[in-house]
Each structure stands twice: as structure tokens, then as C-alpha cells.
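User: Got a structure I'd like to walk through with you. Can you take my questions as they come?

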Amino acid sequence: MVGRVIQAAIQRHVSKGLTIERATLAEPQPYEAVVRIEACGICHMDLDGPSLCTLPAVFGHEGVGVVEAVGSAARVKVGDRVILGYGSCGTCPSCTQAHPYYCDQSWDVTFGGRRLDGSATLQDSSGTPLHAAFFQQSSFATHAIVPDHCLVTMPQDIPAEVGASIACGVMTGTGAILNVLNVQSGETVLIVGAGAVGLGAVMAARRAGAGEILVVDVRDDRLILAQELGATAVFNPRMGPMDAWVMTQTGRGVGKLLETSGNATAFASAIASLRTGGHMAYAILPSPMEEYMLKPMPLFEKAARFEALSFGNSVPHDLYPRMLEWWRAGEFPVDRLISKFSLAEINLAMERTRSGDVIKAVLMMDCADAA
Ligand SMILES: [Zn+2]
Ligand SMILES: [Zn+2]
């Protein structure tokens, strides 16, 4: 493969740490750009990557950086500062009608490991192709190759870690509130799970003028942060059943609910917390390892709407600039969620994300060890 030598965090084994290695990045095709990565957030899908992709692989899908090279027809230019949005094909009916979150080729552009034409974007120092193009980026690296339509220009004065922190999880929570649940001024919303998705939703709900913002999490430190960010009442389900608490808070259950925990017990309790005609959006299903079985009857009894999220129905070109303006105005303090690590500390950052000790780990690539 002809291309540039970069450094990438390669996952070679399911249960072992990632290794920072030299790798070769392909030359950009006409509608692609090579981005020098400044920062990349860690999202839970990076932790789940080995169960969805073949190894060795390079993950990372919350990249921010500077365009360093472009293909012959690219609609970005060298020097542009960009946030790398999630992958989409750019040509299917959903993509051309501004609904890239419903891209017909969503699975392949996210987990396929290659470009849609089947070509590899990255190989290791022995010449072996790597499973890359993760969300069409693979940003756990000093450089990434990205389709130009996935790049969103970012102002020069925004800190790289702020741009990276909103790219996937926080955007999903924000989009869930604004686009999916359509929370209006004065309305009540229940948010289950106070990680990056849930706390993004809390900030978005406050901005939208929600009347009551109820937040549930098993960690008290996160509940305290949720209150500082806008939660009006919080509950730790270690104290008792969530649905009973919701009934005491609301008298009838909630009409709008966002489930972000992916916990099977929380999932069932969330359904029980809905009022008749309620709308529940969920960001992640309980793990198949928990052998979770969804009982349709409680949803049927309540005539409830039950909706899977795909990036919170968010269009990065629309939502990233708005979120950054809110941050600049002090109305969306996403920096409260961030913990910074160097690329060399990636295994520590992954472990702290898995344990829940950090909410949004962001890798700063300038701090990477020299090859
Ligand atoms: Zn598409
Ligand atoms: Zn993500």
C-alpha cells in the first residue's frame, strides 16, 4: 500500500490492551480527506468493537483534527479544522434526503472494516490489512482517512477536546431530546443512565426548557453532576424500584423517557415507568449476554411508543455547530464531562471508561509517544 506512515492504537486481542504501532494509511480517493487527528473521544462502541469487528482493528469514532491532504474532488481543503461525523454512504435515499442516521448501508460503513468499495484504508507495519474505517474514520491514530461528506468544519478557537466530546454519545443524547422525544418547554422527561449520552440529554433538556428533568443512575457522583447540569430530581435504584419512585414524582408515569443504561433491570423498570401513551427511546439494548427477553404486553397495555435511537436522529452538519455555540454561550457545559489522556494512555482511558470512573475520556494525540 502506498501512503503515509502514521501511529495507530491497534487492538490485536479481545482481552489484551491496545498497542501503539506504526501503520500505513492509504492515499485519499477523490472524495476523501486525510485528517491529522488532534483529539478523539472514547465512546462505549469502541469498547464493544471487538465483539462486532474482526481483529486486528483500529477503533475510535469521535475524532477532531486538521485536514492534511485531500482527494482530487474533495469538498474540504487542506488546513480546514473538522469534526469527524459518523459514517454514512452519502448516496442512498436516506442520505440524499438529509437523514444519514438511517443510511441504508449504516452497518457496513460503521463496522465493515473497509471502504464501501472493499478497499482497505490501513495496514500494519508487516503489510497486513487492518480492520479499520470504523465509522469511516478509525481515529485512535495520529491520522485518519474520511469521506468528505462526513466532515463538519469547526471554528479554530474551539478546544479540540470539546469538539471531540460532542461527536457521538453527547450528540446522541442531545438528538434524542430534540429530534426524537421532541421535549418542549415545561414538559417532564425521565433520563435513565447518567453517562455521556444521558448527561448530554440532561443539558439539552434544560436548554429546551423542560419542566422536570428526572435522572436515574446507580452512581451517586453522577447524580450530583446531573443535578449541577440541570436535573430537577435524581434517584439511585439501589434505594428501591425506579418505577415506584417515578410514580411518586409524577403521579401517573412519564410521557417521555430516554433509556441509556443498557441494563436489563433498568430496561424493564423504564417500561413500567411510562404513562399510557408514553414514548420511550433507547440508545442501547441490554446485552445479549444477559439473555434479555422483551415482553410486549406492558408496552401494548400502555399503547407506548418504543423507539431505537440511531445517533439521536442527528445530522452532524446541523447539530455540531449548534452545540458548539451553546457551549460558547455557557449553556452546554460539556467540558464538565471530559477527562483528558494522551494516546499512550489509551488502555488506562479505556479501562476508566469501562469502569465508569470517567464519563468522556478524550485522547489528545499531540501527547503521543514518538514512533
Ligand atoms: Zn446512505
Ligand atoms: Zn459512539
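User: Let's begin with the aromatics. Which residues do ring pairs link into a cluster?
Analyst: The cluster joins F59, Y86, W107, F111, F134, F135 and F311 through ring pairs. Keep in mind that this is a predicted model.

User: How many aromatic pairs are there by the count?
Analyst: The count comes to 13 aromatic pairs, taking ring centres within 6.5 Å.

User: On to the metals. What are the protein donors of the zinc ion (ligand 1)?
Analyst: Four cysteine sulfurs: the SG atoms of C89, C92, C95 and C103. They lie 2.3 to 2.4 Å from the zinc ion (ligand 1).

User: What arrangement do the 4 donor atoms make there?
Analyst: Tetrahedral, because the angles they subtend around the zinc ion (ligand 1) run from 104 to 118°. For reference, the ideal angle for four tetrahedral donors is 109.5 degrees.

User: And how are those donor residues spaced in sequence?
Analyst: The pattern for ligand 1 is C-x2-C-x2-C-x7-C.

User: Are C89 and C92 buried or exposed?
Analyst: Both C89 and C92 are buried.

User: Next site. What coordinates the zinc ion (ligand 2)?
Analyst: C43 through SG, H61 through NE2 and C168 through SG. The distances are 2.1 to 2.3 Å. In sequence the spacing is C-x17-H-x106-C.

User: Where do C43 and C168 lie?
Analyst: C43 is in the loop between β3 (32–41) and α1 (44–52), while C168 is in helix α4. The pair therefore ties together parts that are 125 residues apart in sequence.

User: Buried or exposed, those two cysteines?
Analyst: C43 counts as buried, at 11% relative accessibility. C168 counts as buried too, at 8%. The cut-off for buried is under 20%.

User: Switching to helices. How many residues does α10 have?
Analyst: Helix α10 has 13 residues, 316–328. Its first and last C-alpha are 18 Å apart, close to the 18 Å expected at 1.5 Å a residue.

User: Which residues in α10 are buried?
Analyst: P316, L319, Y320, M323, L324 and W326. They sit on the same side of α10, because they cover an arc of only 160° around the axis.

User: What do those buried residues pack against?
Analyst: Two strands and two helices: β5 (81–84), β8 (151–153), α4 (160–180) and α5 (196–207).

User: What follows α10?
Analyst: G330 follows α10, and its phi is positive, near 80°.

User: Now backbone oddities. Which peptide bond is cis?
Analyst: The one from L55 to P56, with omega near 0°. P56 lies in the loop between α1 and β4 (63–70).

User: What about phi in A98?
Analyst: A98 is not a glycine, yet has a positive phi of about 65°. Its loop runs between α2 (93–96) and α3 (106–111). A98 is partly exposed, with a relative accessible area of 46%.

User: And phi of N182?
Analyst: Phi of N182 is positive, near 55°, and this residue is not glycine either. N182 lies in the loop between α4 and β9 (188–192). N182 is partly exposed, with a relative accessible area of 39%.

User: Why flag such cases?
Analyst: Because most residues other than glycine have a negative phi, and most peptide bonds are trans.

Terms used. Residues numbered from 1 in each chain as written. Chains lettered and ligands numbered in written order. Predicted model: local features only at pLDDT ≥ 70, side-chain atom pairs only at ≥ 80, totals over all residues. Heavy atoms only, no water. Donors = N, O, S within 2.8 Å, 3.2 Å for Na, K, Ca; no water. Tetrahedral: all angles 85-135°; square planar, octahedral: opposite > 155°, others 65-115°. Buried < 20%, exposed > 50% of the residue type's maximum accessible area, 1.4 Å probe, protein only. Phe/Tyr/Trp six-rings, centres within 6.5 Å; stacked < 30°, edge-to-face > 60°. Helix = DSSP H or I, 4+ residues; strand = E, 2+ residues; numbered from the N terminus. Expected span 1.5 Å × (residues − 1). Arc of directions from axis to C-beta. Contact = heavy atoms within 4.5 Å.
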